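Thanks for coming. I will go through one structure today, mainly its side-chain contacts, and I will keep it short.

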Amino acid sequence: MEKPYSKIIGLPIIIEGAGKVGRITDILINTKNGKVEAFFTNTGKMKIIIPMDILYFGIGLIIGDFDDIIDAEDIINIQEILKSDIGILKSKVETVKGEYLGHVQDYYINTQAYGMTKIVVHKSFFGLLKTPDLLISARDIVEIKKNLIIVKNKWAKNFIS
């Protein structure tokens, strides 16, 4: 099942048999492979839940116990991704040839495989004239850099300006 980032943020975090303990505040994506590395929580500064500790993901994120909420500093891979400071939302999107397509407005996550499946690209002119949003598959992403996502050239001809 896929869920957009915008619908995941704010979902409850539930401990099985104990109830709600917090909410999801952000998602950390590994920009090298598109996988979800962690879900940030509002249960403390830099507290995360890693996908392997999730029992079920539906109307909320269900975990086994409070020990499944850990400090982000405890996982080296998480620290490396955070240091790179590369995000998905609001990043500029261009084709390999450099044609501007817009900015990422939202993105979708597969809630079973914990990977990014597509990005929603929005383009407007001076905030007034808007074009239809593009849904670009994660398979069409060539590279993710700081503030820039490069996609295959085939998206240039499909975009209505």
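Let me start with Asp71, which is partly exposed because its relative accessibility is 24%. This is a predicted model, so please read every value as computed from predicted coordinates.

Asp71 forms a salt bridge with Lys47, and the closest N and O atoms are 2.8 Å apart. Lys47 is also partly exposed, with a relative accessible area of 23%. Asp71 belongs to strand S8, residues 70-71, and Lys47 to strand S5, so this bridge ties together parts that are 24 residues apart in sequence.

How many salt bridges does the structure hold? There are 6. I will show some of the others.

One of them joins Lys92 and Glu94, with 3.0 Å between the closest N and O atoms. Here Lys92 is partly exposed at 32% relative accessibility, while Glu94 counts as buried at 16%.

Another joins Lys152 and Asp140, where the closest N and O atoms are 3.8 Å apart. The cut-off for a salt bridge is 4 Å. This pair links distant parts of the chain, 12 residues apart: Lys152 is in the loop between strand S16 (148-151) and helix H3 (154-158), and Asp140 is in the loop between strand S14 (134-137) and strand S15 (141-145). Lys152 is partly exposed, with a relative accessible area of 38%. Asp140, in contrast, is buried, at 7%. Lys154 comes in as well: through salt bridges that share partners, Asp140, Lys152 and Lys154 are joined into one network.

Now a charged residue without a partner. Asp53 sits in the loop between strand S5 (47-49) and strand S6 (54-57). Which side chain of opposite charge is nearest to Asp53, and how far away is it? The answer is Lys47, at 12 Å; Asp53 is buried yet has no salt bridge. Lys47 is the residue we just saw bridged to Asp71. As for what does touch Asp53, once neighbours within four places in sequence are set aside, the contacts are Ile62, Ile63, Gly64 and Asp68.

Next, the aromatic residues. The structure holds 4 aromatic pairs. In one of them, the ring centres of Phe39 and Phe57 are 5.6 Å apart and the planes are at 70 degrees, so the pair is edge-to-face. Phe39 is in strand S4 (residues 35-41) and Phe57 is in strand S6, so the pair ties together parts 18 residues apart in sequence. Both rings belong to buried residues: Phe39 has 1% relative accessibility, and Phe57 has 6%.

Phe39 has a further partner in Tyr114, again edge-to-face, at 6.2 Å centre to centre and 80 degrees between the planes. Tyr114 lies in the loop between strand S10 (100-110) and strand S11 (115-122), so with Phe39 in strand S4 this pair ties together parts that are 75 residues apart in sequence. Tyr114 is buried, as is Phe39. Taken together, Phe39, Phe57 and Tyr114 form one aromatic cluster.

There is also a charge over a ring. The charged end of Lys118 sits over the ring of Tyr108, 5.1 Å from the ring centre.

On to the nonpolar packing. Which members of the largest nonpolar core touch the most other members? Out of 32 residues, they are Ile27, Phe39, Ile88, Val93, Tyr107, Ile119 and Ile149. So Phe39 turns up both here and in the aromatic cluster. The largest share of this core comes from S10, with 4 residues. A second core, separate from that one, has 8 residues, including Leu28, Ala38, Ile78 and Ile81.

Val93 is worth a closer look. Not counting residues up to four places away in sequence, Val93 touches Glu99, Tyr100, Leu101, Gly102, His103, Val104, Ile119, Val121, Ile136, Ile149 and Val151.

Two residues from that list make my last point. Glu99 lies in the loop between strand S9 (92-95) and S10, and is partly exposed, with a relative accessible area of 36%. Glu99 and Val151 are 52 residues apart along the chain, and their C-alpha atoms are separated by 9.8 Å. Both residues are in contact with Val93.

That is all I have; questions are welcome.

Key
Residues are numbered from 1 along each chain as its sequence is written. Side-chain values use heavy atoms; hydrogens and water are left out. Helices (H or I, at least four residues) and strands (E, at least two) are DSSP runs, numbered from the N terminus. Buried means under 20% relative accessible area, exposed over 50%, partly exposed in between (1.4 Å probe, protein chains only). Lys and Arg count as positive and Asp and Glu as negative; His and the chain ends are not counted. Contact means heavy atoms within 4.5 Å. Rings of Phe, Tyr and Trp (its six-membered ring) pair if their centres lie within 6.5 Å; planes under 30 degrees apart count as stacked, over 60 as edge-to-face and the rest as tilted. A charge sits over a ring if NZ of Lys or CZ of Arg is within 6 Å of the ring centre and within 35 degrees of the ring normal. A nonpolar core is a set of buried Ala, Val, Leu, Ile, Met, Phe, Trp, Tyr and Cys residues joined through side-chain atoms within 4.5 Å.
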